[in-house]
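Below are some points for your consideration, set out sheet by sheet and then by side-chain contact. Please read them alongside the sequence and the coordinates.

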Amino acid sequence: MNLLVDIGNSRIKWVFLLEIKSTFNTYGFYNSISIIEAKKYFPYLLKLSFYSFLKKQKITRFEGNSLIDNCKLTWSCVANKEIEKIIYQGFCKFLNRSAPNKINVDLTKSFIFKFGKVRMKINRRIPNNLGLDRWASMIGLASLNLDRKGVVKNMVVVSVGTATVYDFLSLKKKKKFNTELILHHGLIFPGFETMNQSLVSINPKLTGTNGKLMNEPGNTSDSILTAISLNQISPLYSVKKDSLIILHGGKHERWEKSVRKFFPNHFNIIYDPWLIF
């Protein structure tokens with residue numbers, strides 16, 4: 001059994017994966033809670049979701065103990081040290097042993113998939129300082145084999161949550177079964193809710209919560225929502241139309257709605273909620 005966990009700034013999500021009968025059939029059970037809930041109840045909710053996982057597959061709790069003994073945990077975290085410590089202790093309690101360390105940026109090795117090897121390259125002054133959520137998304141992106149037909153070259157990964165992150169990448173064929181995935185640069189700015197709350201903190205009336213997206217906003221709420229939405233999608237003005245956009249994150253629907261309003265039929269967008277898994 002595999003347990004994959006992503007600890008973000010505002011939410012933690014995890015999935016149990018179990019191969020059923022063969023390696024070609026995998027059953028997954030997913031859960032997601034807020035960081036506030038995780039601080040209080042993570043060990044309990046993790047265990048509870050595991051029991052639901054067993055029930056769905058008609059596996060006894062006795063058999064489940066064997067799954068825990070052989071569980072492979074993979075996790076990433078961008079939350080603060082306090083949260084990371086709480087979650088790590090929850091892992092140890094669930095596994096009944098010390099949990100493995102979280103993933104780390106490692107550019108020295110290639111990732112091996114069924115279609116071949118992918119080597120990562122990060123164009124920044126200190127590559128190993130890349131956020132683990134962005135590193136995890138690169139691994140997920142590499143696993144998709146998007147260039148199998150040799151037509152996908154430029155990609156943009158957009159993560160929409162507490163913060164909105166754009167990563168600009170490209171694929172480069174090195175040999176027949178070897179590919180290089182290059183992260184050229186990225187942009188990080190406050191997400192939809194974070195921007196809105198920054199105005200509310202100044203004046204409670206300055207909110208776009210009930211606003212509508214308008215080409216020519218006529219009231220405060222519409223003006224705020226439209227301005228925030230335009231800011232969120234503004235990097236698209238410099239993105240080539242033949243680029244492939246891979247979208248994920250809890251606020252993806254708001255981002256997509258903004259794109260449909262101001263960039264109708266301009267981009268090829270794939271929504272992948274499991275990208276970092």
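1. In this predicted model, four strands make up an open sheet in the order E3-E2-E1-E4, and their pairing is mixed. Strand E3 (26–34) and strand E4 (72–77) are the edge strands, each of them pairing on one side only. Between neighbouring strands of this sheet the average turn is 10°, direction ignored.

2. Within that sheet, strand E1 (residues 2–7) and E4 run parallel and are joined by 6 bridges. Ile 7 is found opposite Cys 77, a residue of E4. Helix H1 lies across E1, strand E2 (11–19) and E3, and its direction is at about 160° to that of E3.

3. A second open sheet has 7 strands, again with mixed pairing, in the order E5-E6-E9-E8-E7-E10-E11. Strand E5 (111–113) and E11 occupy its edges with a single partner strand each, so that one side of each has no neighbour in the sheet. Neighbouring strands here are turned against each other by 25° on average, direction ignored.

4. The pairing of E7 with E10 is parallel and extends over 5 bridges. Which residue of E10 is the bridge partner of Val 157? The partner is Ile 246.

5. Helix H7 lies across four strands of the larger-numbered set, namely E7, E8, E10 and E11, and runs at about 145° to E10. Its buried residues, within the span 252–262, are His 252, Trp 255, Ser 258, Val 259 and Phe 262. These residues lie on the same side of H7, because the arc that they cover around the axis is only 125°. The general background is that an α-helix has 3.6 residues a turn, so residues three or four places apart point the same way.

6. What covers the buried residues of H7? The cover includes strand E7 (154–160), strand E8 (163–175), strand E10 (244–248) and strand E11 (268–271), together with helix H5 (192–200) and helix H6 (220–233). On the face of H7 that is turned away from its buried side, the exposed residues are Glu 253, Lys 257 and Arg 260.

7. Turning to charged pairs, the model contains 4 salt bridges. One of them joins Lys 39 and Glu 82, with the closest N and O atoms 3.7 Å apart. Because Lys 39 belongs to helix H1 (residues 35–56) and Glu 82 to helix H3 (residues 81–95), this pair ties together parts that are 43 residues apart in sequence. Lys 39 is partly exposed, at a relative accessible area of 41%, and Glu 82 is likewise partly exposed, at 46%.

8. A salt bridge is also formed by the side chains of Glu 84 and Lys 102, at 2.9 Å from N to O. This pair links distant parts of the chain, since Glu 84 is in helix H3 while Lys 102, 18 residues apart from it, is in the loop between H3 and E5. Is Glu 84 buried or exposed? Glu 84 is buried, with a relative accessible area of 13%, whereas Lys 102 counts as partly exposed at 24%.

9. Glu 193 and Arg 254 meet through their side chains in a further salt bridge, at 2.8 Å from N to O. As Glu 193 lies in helix H5 and Arg 254 in helix H7, the pair ties together parts 61 residues apart in sequence. Both ends count as partly exposed, Glu 193 at 34% relative accessibility and Arg 254 at 29%.

10. Among the ring contacts, the count comes to 18 aromatic pairs. The rings of Tyr 166 and Phe 189 form a stacked pair, because their planes are at 25°, under the 30 degrees that stacking requires, and their centres are 6.0 Å apart. Tyr 166 lies in strand E8 and Phe 189 in strand E9 (residues 178–190), so this pair links distant parts of the chain, 23 residues apart. Tyr 166 and Phe 189 are both buried.

11. Finally, ring pairs also link a cluster of aromatic residues, which consists of Trp 14, Phe 42, Trp 75, Tyr 88 and Phe 91.

Note on methods
Residues are numbered from 1 along each chain as its sequence is written. This is a predicted model: local features need pLDDT of at least 70, side-chain atom pairs count only at pLDDT 80 or more; totals for chains, interfaces and linings use all residues. Side-chain values use heavy atoms; hydrogens and water are left out. Buried means under 20% relative accessible area, exposed over 50%, partly exposed in between (1.4 Å probe, protein chains only). Helices (H or I, at least four residues) and strands (E, at least two) are DSSP runs, numbered from the N terminus. The arc is that of the directions from the helix axis to the C-beta atoms. Contact means heavy atoms within 4.5 Å. Two strands pair if DSSP finds at least two bridges between them. Axes are lines fitted to C-alpha atoms, for helices over the stretch in contact, and angles run from 0 to 180 degrees between N-to-C directions. Rings of Phe, Tyr and Trp (its six-membered ring) pair if their centres lie within 6.5 Å; planes under 30 degrees apart count as stacked, over 60 as edge-to-face and the rest as tilted.
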